[in-house]
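Me: I have a structure open here and have not looked at it before. Can you walk me through it?

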Amino acid sequence: CADATAQLRRSTEMTRLLLIGAPGAGKGTQAEKLAIAFDIPAISTGDIFRHNVKNETELGKQAKAFMDRGEYVPDSLTNDLVRDRLSQADAKDGFLLDGYPRTADQVVELDEILSANGTALDVVVQLTADTDEVVRRLLNRALEQGRADDTEDVIRRRLEVYEEQTAPLINVYAARDLVVTVDGLGEVSEVTGRILEALAARGITAK
Ligand code: ADP
């Protein structure tokens with residue numbers, strides 16, 4: 001009966017997903033695939049910040065200094081941005097968050113935003129990849145895309161900040177029984193398949 005209830009819930013409710021994992025674990029790549037599969041917007045705070053930096057907005061100017069050093073942009077700037085983005089019409093029917101929350105305060109903030117809307121997260125997908133592999137991928141991306149924060153020193157700092165501030169959040173969500181852990185190594189399509197399987201095992205299936 002629990003299964004039937006989960007399925008009924010799934011068919012009537014929308015999908016609210018969160019992707020968490022170290023820089024280079026492949027969140028952005030998988031977020032695009034999942035957004036298509038579930039027909040929900042992928043919301044990446046990193047992409048939103050980079051867009052603002054490129055367009056030299058006030059937010060971009062403030063964020064850039066932190067991003068270039070591999071530090072997190074302050075919660076005071078990040079939380080308002082996400083609150084605003086989640087209030088837009090296309091996120092009403094579900095969403096996939098990539099790169100938020102990254103700090104304990106952001107978890108609290110997201111809880112508040114969602115509960116004010118009478119909703120909550122359905123699942124948190126933890127994407128894993130070992131440090132050697134993520135450094136290799138990020139250095140490779142540096143060659144291909146020239147992202148300002150993909151230099152070796154900054155990559156090292158980003159990984160440190162992730163371990164200090166973001167990795168502990170997995171336990172917070174695990175205590176709520178929301179976490180599925182997926183191996184991020186292998187072909188992109190292989191990893192997408194693993195994620196879809198893990199979600200299906202929780203009764204969350206693409207439309
Ligand atoms: P990666 O996961 O490879 O580090 P992102 O594109 O997710 O890349 O993030 C790039 C940078 O944007 C981060 O290093 C940080 O400076 C900033 N950023 C993104 N999301 C957040 C967030 N939720 N809180 C604070 N800073 C963030």
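Me: How many residues surround the ligand, and which are the closest?
Reply: This is a predicted model. In it, 19 residues surround the ligand. The closest are Thr 45, Arg 50, Glu 71, Gly 99 and Arg 158.

Me: What does Thr 45 do there, in terms of distance to a nitrogen atom of the ligand?
Reply: One of the polar side-chain atoms of Thr 45 is 2.7 Å from a ligand nitrogen. Gln 106 also has a polar side-chain atom by a ligand nitrogen, at 2.9 Å. With Glu 71 the polar atom belongs to the backbone, and it lies 2.7 Å from an oxygen atom of the ligand.

Me: How much of the ligand does the protein bury?
Reply: The protein buries 96% of the 550 Å² that the ligand exposes when taken alone.

Me: And the shell, by class?
Reply: There are 8 charged, 6 nonpolar and 5 polar residues in it. Helix 3, residues 45-54, supplies the largest share, 4 residues.

Me: Different topic. Which residues have the most contacts inside the largest nonpolar core?
Reply: Leu 18, Leu 86, Phe 95, Leu 110, Leu 121, Val 124 and Tyr 173, in a core of 34 residues.

Me: Which helix gives the most to this core?
Reply: Helix 8, with 7 residues. Elements that each supply at least two include strand 1 (15-20), strand 3 (94-98) and helix 6 (104-116).

Me: What is Leu 86 in contact with, leaving aside its neighbours within four places in sequence?
Reply: Ile 43, Ala 91, Lys 92, Phe 95, Leu 110 and Ile 113.

Me: What lies apart from the largest core?
Reply: Another core, of 18 residues, with Ala 25, Leu 96, Leu 127 and Val 191 among them.

Note on methods. Residues numbered from 1 in each chain as written. Predicted model: local features only at pLDDT ≥ 70, side-chain atom pairs only at ≥ 80, totals over all residues. Heavy atoms only, no water. Near = heavy atom within 4 Å. Polar contact = N/O pair within 3.5 Å; in protein donor to acceptor, adjacent residues only side chain to side chain. Areas by Shrake-Rupley, 256 points an atom, 1.4 Å probe, with all protein chains shown as cover. Nonpolar A, V, L, I, M, F, W, Y, C, P; charged D, E, K, R; others polar. Core = buried A, V, L, I, M, F, W, Y, C linked by side-chain atoms within 4.5 Å. Buried < 20%, exposed > 50% of the residue type's maximum accessible area, 1.4 Å probe, protein only. Contact = heavy atoms within 4.5 Å.
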